Amino acid sequence: MRLGESTTAVPARVQLRYSGAVLVRPRRNRSRPALRRLLRETRLSPNDLVLPLFVQPGEEQRTPIDSMPGHARLSIDLLVEKAGEAAALGIPGVALFPALADDEKDARGSASSKPDGLLQRAVRALKTAHPELLVITDVALDPYSSDGHDGVLIDGRIDNDETLPLLAAMAVSQAEAGADLVAPSDMMDGRVLAIREALDSAGFGEVGIGSYCVKYASAFYGPFREALDSAPRGGDKKTYQMDPANVREALRELELDEAEGADWVMVKPGLVYADVVRLLRDHTALPVAAYHVSGEYAMLRAAAEKGWLDYESCLLESLLSLKRAGADVIFSYGALDAARLLQDA
Ligand code: PBG
């Protein structure tokens with residue numbers, strides 16, 4: 001008898017038996033489109049999405065962003081139009097980021113709380129044209145700072161406590177302009193509390209705080225910084241944004257943001273930190289948001305331009321994966337495309 005040869009012939013069917021039961025066939029549940037539709041565990045909808053938009057001064061101005069095909073800095077009139085498309089497709093909100101000229105930036109980012117600043121004017125125009133559409137504003141100094149940092153730089157260091165009142169003033173001025181939620185993305189300690197107190201004492205108890213709770217020091221923000229010309233002029237953001245290697249620290253940030261009064265907590269970037277999205281989902285009753293960031297969007301677009309990936313299906317799969325990981329809200333530059341595809345589906 002040769003090695004491996006058995007004395008009794010075993011029929012192929014018996015070999016397919018599993019633990020003595022009949023052969024288990026998971027493929028049966030995948031066999032027909034209607035069945036797959038019925039059994040789908042996660043469903044993506046335009047209701048899950050927030051569209052980030054960049055605003056610039058001027059009128060009828062559109063400056064394409066090379067590394068983010070399909071996106072441009074828009075003057076307020078065109079921004080209002082674009083936001084109208086989002087609203088018509090059932091997207092509940094937009095997130096706004098201002099692109100200021102260099103001569104409007106200074107060390108303390110003082111343009112950030114001007115009542116007639118670019119962002120404030122954009123918020124007013126959006127709320128007038130599309131009152132139902134949520135306007136979410138970013139709270140951080142970087143688009144306004146001549147140093148390109150989220151906090152104030154004093155003697156070469158980011159001064160946390162000097163930054164807090166500036167963030168609070170920025171949030172109040174955004175609320176005055178009509179923002180529905182302010183979204184601090186600066187990662188200073190204590191900012192959620194400082195902003196909550198300032199909003200409440202200014203009479204904006206109904207304005208929410210969508211905290212960028214777990215924000216990593218990520219190279220995937222590259223295209224965004226190109227869009228706003230907001231890259232740090234010196235150093236990096238590692239003394240305030242989190243180390244990509246850390247995850248226990250995310251729970252610590254979560255605990256603090258909950259205690260300080262955040263209305264939702266965000267993980268950013270989203271795709272490459274889907275494990276962290278799941279972790280937060282399992283540890284909080286607050287809504288969890290995930291940001292499919294500029295670099296994650298640019299990768300899809302670049303590969304698609306080369307004919308290496310199918311943009312539309314990879315976009316939907318990426319957003320679905322964030323939802324499956326536990327995100328209730330997904331910020332994505334692909335939100336308009338996704339909403340259109342979901343309507344056709
Ligand atoms: C600024 C801010 C950044 C993003 C959102 N808010 C960039 C940064 O922290 O440098 C990144 C968004 C993206 O890459 O899509 N505080």
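**Group meeting: the core, one helix and the ligand site**

Hi everyone, let's start in the middle: the largest nonpolar core here has 105 residues, and those with the most contacts inside it are Phe54, Val94, Leu96, Leu199, Val214, Leu280 and Phe331. Helix α5 gives this core its largest share, nine residues. Please keep in mind as we go that this is a predicted model.

Let me pick out one of those well-connected residues, Leu280. What does Leu280 touch, leaving aside residues up to four places away in sequence? The list is Val214, Ala250, Leu254, Val265, Val267 and Val288. You'll recognise Val214 from the residues with the most contacts in the core.

Next, a helix. α4 runs over residues 118–129, which makes 12 residues. From first C-alpha to last it reaches 17 Å, close to the 16 Å expected at 1.5 Å a residue. Its buried residues are Leu118, Leu119, Gln120, Ala122, Val123, Leu126 and Lys127. And what covers them? The cover includes strands β1 (49–55), β4 (93–98) and β5 (134–139), along with helices α3 (76–88) and α5 (160–177). So that's α5 again, the helix we met in the core.

Finally, the ligand, which has 18 residues around it. The closest are Lys215, Arg225, Lys268, Ser294 and Tyr333. Looking at polar atoms, a side-chain atom of Arg225 lies 2.6 Å from a ligand oxygen, and an N or O atom in the Lys237 side chain is 2.7 Å from an oxygen of the ligand. For Lys268, the side-chain N or O atom is 3.2 Å from a ligand nitrogen. On its own the ligand has 400 Å² of accessible area, and the protein covers 100% of it. Thanks, everyone!

Notes: Residues are numbered from 1 along each chain as its sequence is written. This is a predicted model: local features need pLDDT of at least 70, side-chain atom pairs count only at pLDDT 80 or more; totals for chains, interfaces and linings use all residues. Side-chain values use heavy atoms; hydrogens and water are left out. Helices (H or I, at least four residues) and strands (E, at least two) are DSSP runs, numbered from the N terminus. The expected span of a helix is 1.5 Å times one less than its number of residues. Buried means under 20% relative accessible area, exposed over 50%, partly exposed in between (1.4 Å probe, protein chains only). Contact means heavy atoms within 4.5 Å. A nonpolar core is a set of buried Ala, Val, Leu, Ile, Met, Phe, Trp, Tyr and Cys residues joined through side-chain atoms within 4.5 Å. A residue is near a molecule or strand if one of its heavy atoms lies within 4 Å of it. A polar contact is a pair of N or O atoms within 3.5 Å; within protein, one must be able to donate a hydrogen and the other to accept it, and residues adjacent in sequence count only if both atoms are side-chain atoms. Accessible areas come from the Shrake-Rupley method with a 1.4 Å probe; for residues, only the protein chains shown count as cover.
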